[in-house]
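Visitor: I have a structure open beside its sequence, and I would like to learn how to read it one feature at a time. Could you take me through it slowly?

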Amino acid sequence: MYKIEAYLRPAALEKVQQALAGIGIAGMSVLEVRGFGRQRGHREVYRGAEYTVDFVPKIKIEVAVKASDKQAAIDAIVGAAKTGQTGDGKVLVSAIEEAVRVRTGETGDSAL
Amino acid sequence: MMDRFRFAPILALSALIMGGATQALGEDVTSLEGFQSMPLVYPKFMIDNLWILISAALVFIMHLGFATLETGLTRQKNTVNILFKNVFIVNVGIITYALTGFNTMYPGDFNGFIAIMGPIGFDDKVANLTVNYANYTYWADFIFQAMFAATAATIVSGAVAERIKLTSFMLYATILVAFLYPIAGSWKWGGGWLDAMGFYDFAGSSVVHAFGGFSALAMVLVLGNRRGKYLPDGQIRPILGHSMPLATIGVFMLWLGWFGFNGGSVLSADPGLVSLVFVTTSLAAAAGALASIFTSMIYLKKPDFSMALNGILAGLVGITAGADTVSWVSAIMIGAIAGTLVVFAIVIIDRIRIDDPVGAISVHGLCGMWGTIAVGIFSTNPEHSVGIQILGTLSYAIFAFVASLILALVLKATLGMRVTAEEEDEGLDLAEHGQPAYADFQHITN
């Protein structure tokens, strides 16, 4: 089992959700986050004074997948979220030691 | 099918008016009952009085407008604090106005400068509840003026937001609304020295707005700027308001209230004048908005939304001094100049390191001054002069500034003016009130 964490543009959410649903990924969590990477911040003007937006609004998607779905899920996210511009985001993948479905107590792949 | 009795009420009313036409409006009134039976005089009095009461209710709504505008243009962590200040001011304003303010502002015969008087009240009903008093009753007069009174202190509240110590502000606002505002108001509206010189301020560009704006300037100078607003390397770091929807509600509420603020200042329901005042008030607001929108698009290279809101208010403040005495074209010019002025004023005041989160010094102080002087330029009444208007508005600005400066310095030396740096960083909602404005997790729904 793997956890996929993807930091993406807010505008990418709907396409990524559809792409994941398309390959049978049944659940996901979304968080509103702020941060910066290579895109850095950008300059804005408020009431005549310039300021830098250091932390750009992003969304973070968390999905837990079976080992067999890992590559398809990554491909789906990257494919749906890519615009080619700086600031498209990152996908981080890590191993999950255990998973439990709260309602039934099922564990492992069947809990996902 | 035409019902022949349909016109009966109209016929009856005509008969009433025809019968009453022989009675002049200025006829002697000797008893309340006798007055109420005068067919022509009494209905007019009722309508005039009702309009003043409606106007009082409209001005009351402006306090909601100020509360939401100030909340919207400041940070989330200071929301409870700014709402608290607004709630306090309205309530302490009405009570102190009853105890001393009203009679201090309208003392009758006095030396023209200052007369601290006692509470409201009267014995003679005929003198106070009939046309012998005015086009309205004593009570209507009081409540309309009481709704105005708190406005001057509310203007200060926005400028000192996010860092002033609550108890110091409460004390300051109480003294301002109980004594300073009524004393200064008596100079014009109480028939004092400025009134005697022919100074004109219809609904308070100077009496209310320049007074509030320059009080705010003195307070901000003593209080200092919000932490983190001006960086050590000389850079300005804007602190963004947290809710533009709230600010918008506030500005539209204020515009609505201004129909009572200016419309009620006609002090009767005179159809021609009240209608003119509605038109000049709205045209100036609209011209102020458009002027500030285009100024910020050209000068700041951005259509800054908060500037558009300030432009509406700038136009409204600007027209307030002359709303009943300028043409509709002049109203547009007064509003447009105010809307242009306000953008430059906000930017310049910010660059000289005076931190005014809501732009109150520019909107109320400078545009109030401009509106007062504009009466001398645009008035259809040849007796209004630019010189006297300048003298009048400077008198209000200087008195407000000096009096507030003294109060602020005394408060700084005694109670202290500012919250601690830690409290300011944490936010005044938790530091002063122990209560956040938005306590739960936010629910996000699409």
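Visitor: Let me start with one residue: which residue of β6(A) stands opposite A6(A)?

Guide: Opposite A6(A) in β6(A) stands V91(A). Before we go on, note that this is a predicted model, in which local features need pLDDT of at least 70 and side-chain atom pairs count only at pLDDT 80 or more, while totals for chains, interfaces and linings use all residues. Residues are numbered from 1 along each chain as its sequence is written, and chains are lettered from A and ligands numbered from 1 in the order in which they are written.

Visitor: How should I read the pairing of strands, and which strands make up the sheet of chain A?

Guide: Strands of a sheet pair through backbone hydrogen bonds, either parallel or antiparallel. Strands (E, at least two residues) and helices (H or I, at least four residues) are DSSP runs, numbered from the N terminus, and two strands pair if DSSP finds at least two bridges between them. In chain A, an open sheet of 4 strands has the order β2-β5-β1-β6, with antiparallel pairing. Its edge strands, each of which pairs on one side only, are β2 (29-35) and β6 (89-95) of chain A, and from one strand to the next the twist averages 20°. Strand β1 (residues 2-8) of chain A is antiparallel to β6(A), with 7 bridges between the two.

Visitor: What joins the edge strand β2(A) to β5(A), and how many of the residues of β2(A) are buried?

Guide: β2(A) is joined by 7 bridges to strand β5 (residues 56-65) of chain A, and the two run antiparallel; within this pair, E32(A) stands opposite I59(A). A residue is buried if 20 or more other C-beta atoms lie within 10 Å of its own, exposed if 12 or fewer, and partly exposed in between, with C-beta atoms placed from the backbone. Of the 7 residues of β2(A), the number buried is 0, so this strand lies largely in the open.

Visitor: Which elements of chain A give two or more residues to the side that touches chain B?

Guide: Two residues are in contact if their C-beta atoms, placed from the backbone, lie within 7 Å. By that rule, 6 residues of chain A are in contact with 12 residues of chain B, and the elements that give two or more residues to chain A's side are β3 (42-46) and β4 (49-53) of chain A. These two strands run antiparallel and are joined by 5 bridges, with H42(A) having V53(A) in β4(A) as its bridge partner. They form a hairpin with 2 residues between them, and R47(A) in the turn has a positive phi of about 50°.

Visitor: How do I describe two helices that pack together, and at what angle do α11(B) and α12(B) cross?

Guide: Two packed helices are described by the angle between their axes and the distance between the axes. Axes are lines fitted to C-alpha atoms, for helices over the stretch in contact, and angles run from 0 to 180 degrees between N-to-C directions. Helix α11 (residues 271-299) and helix α12 (residues 305-319) of chain B have axes that come within 7 Å and cross at roughly 140°. Angles under 35 degrees count as roughly parallel, over 145 as roughly antiparallel, 65 to 115 as roughly perpendicular and the rest as oblique; α11(B) and α12(B) are therefore oblique to each other.

Visitor: And how are α3(B) and α6(B) placed, roughly parallel or oblique?

Guide: The axes of helix α3 (residues 41-72) and helix α6 (residues 138-159) of chain B come within 9 Å and cross at roughly 15°, and these helices are therefore roughly parallel to each other.

Visitor: Where in chain B is there a positive phi in a residue other than glycine?

Guide: One of them is E162(B), with phi near 80°, in the loop between α6 and α7 (166-188) of chain B. E162(B) is buried, with 23 other C-beta atoms within 10 Å. L267(B) is not a glycine either, and has a positive phi of about 65°; L267(B) is found in the loop between α10 (244-263) and α11 of chain B and is partly exposed, with 18 other C-beta atoms within 10 Å.
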